[in-house]
Amino acid sequence: MILAEWKEAVFAAIARACRAAFHRDPEGLEAGFPPEVGLGDFAVACFPLARPFRMSPAEIAARIAAAASPEPPVAAIRAAGPYLNVALQPAAFFGASIAALRAAGDRLGNSAAGAGRRVMVEYLSPNTNKPLHLGHLRNAALGIAITRLLEATGHRVIPAILINDRGVHICKSMLAWQRFAGGATPASAGMKGDHFVGTWYVRYAIEAEKDPSLEPAVQEMLQRWEAGDPEILALWKTMNGWVYEGFAETYRRFGMRFEVVYYESETYKLGKDVIADGLARGVFTRDERGNTVFVLPEKPFGREKDGSPKRVTVLRPDGTSLYITQDIGTAIRKVTEHALDSSVYVVGSEQEHHFQCLFAILEALGFPWARACRHLSYGMVYLPEGKMKSREGKVVDADDLIEGMVELAAEEIRRRDPEGRLAAEEIRRRAETIGVGAIKFYLLRVRPAQSIHFDPAESISFDGFTGPYCQYAYARIFGILEKAAERGIAEESADFGRLGNPEETLLLRHLLQFPEEVAAAAAEFSPARLAVHVFNTARAFNQFYNRHAVLQAETAGLAAARLALIRATALVLKRGLELLGLEVLENM
RNA sequence: GCGCCUGUAGCUCAGCCGGAUAGAGCAACGGACUUCUAAUCCGUAGGCCGGGGGUUCGAAUCCCUCCAGGCGCGCCA
């Protein structure tokens, strides 16, 4: 039985008792968990009955409890002030719950809320002039997690990336390379391609300080690029190729996967037709200076100081595009090419206004899917010194951070393996999973709307509310399961009636809640919610583990029952971590 | 001027579509490894839930207002 079924059974038992006591049906009651496990397995507050029954909730609870004649699986109904606490028979509660969890298997947590819906999740949006940094990793962690959460709720998700591969900033690194690199390549420099190109972007900024002639040279290069100059295009392709090779390595390491790749060089001219069409249909207007503008509705956008409605320009008088022009075009292209029902954009909160405008415009243009589009907005990642400044080079480089975390994990693993029994390759494999998992969890554990104050000392910790803590709980369970298999303990002989101590009950509660937490995390676009739940589940397991023996339990039936309980726990931890984009380890 | 976000323990954060004494991690202090992995667990200490009003049987949660911080507000991306 799943949580909803238990709640239904509890409600039915209370309804029966209510009819016995008052000869009428209760309405508006909801079953939840009591604040302490000792009180019971489920709790129902009687406040909603106070008004219709014209009686105090405590009195109602007392009378219902007195009139109750519990039938299995309900063992007892007790009043506690205005609450009714319901105890279930452990054999049924644990047995049927664990059976349902195991039956779900790798589909545990899946639901059908989004069945049949196709949604594109666009995330990362890197520039090809410099390597990825910590901010990108928050974006990626969110993109990966939301992709999996939407898949778990039945959506067909198409992960996509839009690469900003053109513009002045790209030309800056090109110009610097052209002038100062002397033909160097990533291979000759022994650098990852994206880092190599990034050095020339930095070099440009340094040189431009000294030589004011570089700025016009960059502008000229951009014009030649737009004119299709073969020499410039060749350089552009070569350097972007280096960057993509470097990016691919980071994508792979961090677990990013894109089914569709959009290049801004291919999308930046999109949107003009739609704007022209919209202008003809009166969706847009021309302002006094010849800009094509969209008048924003007052409802969410407010008004200007002078009381006039706010506007957004969608096309310049000379017909050249703006950021939003191509975004309109790209949004439509996505939907037509992939038959989408909606689009999700994982982009920082500084662009909230932009996306509000974009969605409002798409809706005004008459696209029915516009209302379903969503900007998954997230806060800044601050360094101890302040906001990350890419031009000053004061960023946490993504590759450096990953490598640093993996190395720390490797040290920790070696510390636990003083005899050196583990092969270097195995240490590396585990360290990779732990290090990357630690970063992802650290970036996902707070709500997207919150800004993150990146604390290097705290971020490298594997204690407490962290990914490795959750992975460790899984590994501990796996160790027990392995030993149980060696000893041939059969879970079929489980005596679930022996379960029910506070630690076991609390653990079961977390397992039962898992599917609803997944559904809620997806619906709220909040992986943090799931991260909290996975951590709480791991904690509940560790508390159980420290107090009770599984293999050495008093009876074989109890050992088997506990084995079934922790096997279900392992399943929840694995599924939960996977949905967050983390992997589990069978040994740590 | 307007819009959005944030304000909860020393620090970082949950809880925010109202319900049992406001939770967790870190840091501090004190304990627990001949027993299934101590990357663990237990205990102690730490809170006018930014301030003030209101709605309600009941408010961290909803409404109003003020304060503080952040992001943004047509012709940048």
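**Exercise 1. The Trp177 and Trp242 pair**

Determine whether Trp177 and Trp242 are buried or exposed in this predicted model, and classify the geometry of their rings.

*Solution.*
Step 1. Both residues, Trp177 and Trp242, are buried; the criterion is a relative accessible area under 20%.
Step 2. The ring centres of Trp177 and Trp242 are 5.7 Å apart, and the planes meet at 65°. Because planes over 60 degrees apart count as edge-to-face, the pair is edge-to-face.
Step 3. Trp177 belongs to helix H6 (residues 168-180) and Trp242 to helix H10 (residues 230-254), so the pair ties together parts that are 65 residues apart in sequence.

**Exercise 2. The Phe47 and Tyr83 pair**

State how many aromatic pairs there are, then describe the pair formed by Phe47 and Tyr83.

*Solution.*
Step 1. The count comes to 26 aromatic pairs.
Step 2. Phe47 and Tyr83 form one of these pairs, with 5.8 Å from centre to centre and 80° between the planes, which is edge-to-face.
Step 3. Phe47 is in helix H2 (residues 47-53) and Tyr83 in strand S4 (residues 83-88); the pair links distant parts of the chain, 36 residues apart.
Step 4. The relative accessible area of Phe47 is 44%, so this residue is partly exposed. Tyr83, at 38%, is therefore also classed as partly exposed.

**Exercise 3. Further aromatic arrangements**

Identify an aromatic cluster and the rings over which Arg166 and Lys440 are placed.

*Solution.*
Step 1. One aromatic cluster consists of Trp6, Phe33, Phe42, Phe93 and Phe94.
Step 2. Arg166 places its charged end over the ring of Tyr268, at 3.8 Å from the ring centre.
Step 3. Lys440 lies over the face of Phe254, 5.1 Å from the centre of that ring.

**Exercise 4. The surroundings of Tyr323**

Assign Tyr323 to an element, classify its exposure and list its contacts beyond four places in sequence.

*Solution.*
Step 1. Tyr323 is part of helix H14 (residues 323-338).
Step 2. Its relative accessibility is 44%, so Tyr323 counts as partly exposed.
Step 3. Apart from neighbours within four places in sequence, Tyr323 is in contact with Gln351 and His354.

**Exercise 5. The second largest pocket**

Characterise the second largest pocket by its volume and its lining.

*Solution.*
Step 1. The volume of the second largest pocket is about 310 Å³.
Step 2. The lining has 14 residues, and those nearest the centre are Glu412, Arg416, Phe462, Asp463 and Met588.
Step 3. Helix H16 (398-415) and helix H19 (467-487) are the elements that give two or more residues to this lining.
Step 4. By class, the lining residues are nine nonpolar, two polar and three charged.

How values were computed. Residues numbered from 1 in each chain as written. Chains lettered and ligands numbered in written order. Predicted model: local features only at pLDDT ≥ 70, side-chain atom pairs only at ≥ 80, totals over all residues. Heavy atoms only, no water. 1 Å grid on protein atoms, 1.4 Å probe; cavity = no way out; pocket = protein on both sides within 12 Å on 5 of 7 lines; lining within 4 Å. Points joined across faces, edges and corners; volume = space filled by probe spheres on them. Helix = DSSP H or I, 4+ residues; strand = E, 2+ residues; numbered from the N terminus. Nonpolar A, V, L, I, M, F, W, Y, C, P; charged D, E, K, R; others polar. Buried < 20%, exposed > 50% of the residue type's maximum accessible area, 1.4 Å probe, protein only. Contact = heavy atoms within 4.5 Å. Phe/Tyr/Trp six-rings, centres within 6.5 Å; stacked < 30°, edge-to-face > 60°. Lys NZ or Arg CZ within 6 Å of the ring centre and 35° of its normal.
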